[in-house]
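Please find below a colleague's note on the model under review. The points are numbered for ease of reply.

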Amino acid sequence: MKTMLVVSDVPFSPANEGNRKRVSDLIDAYSQFGIEVTLLLVDGSGNAEAMRERLAGRLVACRRSISERLGILLGRVFRLGFGLVGLDRWRNYRLDSWGCKEAQLAVEQLLSQRDFDFVQCEYLYLSHCLENVNGRCTRILDTHDVMSDRWRMFPSDEVPNVWYSVDEADEVIGCARADIVLAISSADQHHFNKIGARGVGLCD
């Protein structure tokens, strides 16, 4: 049986939002292909009992540090201010600014304990967890969205969008950490091919 480690700060239960349903559907699809999934859940929200039951106990939890969580919060506050006063050039984050060092260390530890065939990270901001994955594993990045200048997708918002958004150069670096990049639409697939990502596949 093939094995996969999924790193996500998006719980799949309850699947009451689009990104949660996507993670849930992917785990179902992998299971149907005979792939045994272990979930490394960052900042454990959701219904842990239901997720653990569905994964037959293969759920590991970790948390961002206080400084990492504070950095994300302050980053959102600053970008709200930048958006309100028109300082658009400052509205993108650094590539790993929403990352989790403990998750990266947990991935390394889990890989030392078990030979996973695949490691998949949800969202570009967790792609740093793929950096030290050995060459025997296939590294997968499930993008969910294009993150290059993502704030530009919401020009009519009265309150500036403060969610994760990066320069295209950072998105290129993040995608280069993966052997396979999953896109959720043909437009996203075209974008990732255009910026040189490897193994771009459409998985909507």
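The points that follow treat the largest pocket, the aromatic pairs and two buried residues.

1. Basis of the note. The model is predicted, so local features need pLDDT of at least 70 and side-chain atom pairs count only at pLDDT 80 or more, while totals for chains, interfaces and linings use all residues. Residues are numbered from 1 along each chain as its sequence is written, and side-chain values use heavy atoms, with hydrogens and water left out.

2. Largest pocket. The largest pocket holds about 310 Å³ of space. A pocket here is an open set of points on a 1 Å grid over the protein atoms alone, where a 1.4 Å probe fits, with protein on both sides within 12 Å along at least five of seven lines; lining residues have an atom within 4 Å of a point. Of its 18 lining residues, the closest to the centre are Asp9, Arg64, Arg76, Trp98 and Tyr125. Helix 1 (18-32) and helix 3 (66-85) are the elements that give two or more residues to this lining; helices are DSSP runs (H or I) of at least four residues, and strands are runs (E) of at least two.

3. Aromatic pairs. The count is 10 aromatic pairs, where rings of Phe, Tyr and Trp (its six-membered ring) pair if their centres lie within 6.5 Å, with planes under 30 degrees apart counted as stacked, over 60 as edge-to-face and the rest as tilted. Trp98 and Tyr164 form a tilted pair, 5.5 Å centre to centre with 50 degrees between the planes. Trp98 lies in the loop between helix 3 and helix 4 and Tyr164 in the loop between strand 5 and helix 5 (168-176), so this pair ties together parts 66 residues apart in sequence. Tyr125 and Tyr164 are edge-to-face, because their ring centres are 5.2 Å apart and their planes stand at 80 degrees. One aromatic cluster is formed by Tyr93, Trp98, Tyr123, Tyr125, Trp163 and Tyr164.

4. Gln104. This residue is found in helix 4 (residues 101-113). Gln104 counts as buried, at 9% relative accessibility; buried means under 20% relative accessible area, exposed over 50% and partly exposed in between (1.4 Å probe, protein chains only). Not counting residues up to four places away in sequence, Gln104 touches His128, Cys129, Glu131 and Asn132, contact meaning heavy atoms within 4.5 Å.

5. Cys137. Cys137 lies in the loop between strand 4 (118-122) and strand 5 (138-142) and is buried, with a relative accessible area of 5%. Its C-alpha atom is separated by 9.9 Å from that of Gln120, 17 residues apart along the chain.

Notes:
Grid points are joined across faces, edges and corners, and a volume is the space filled by probe spheres set on the points.
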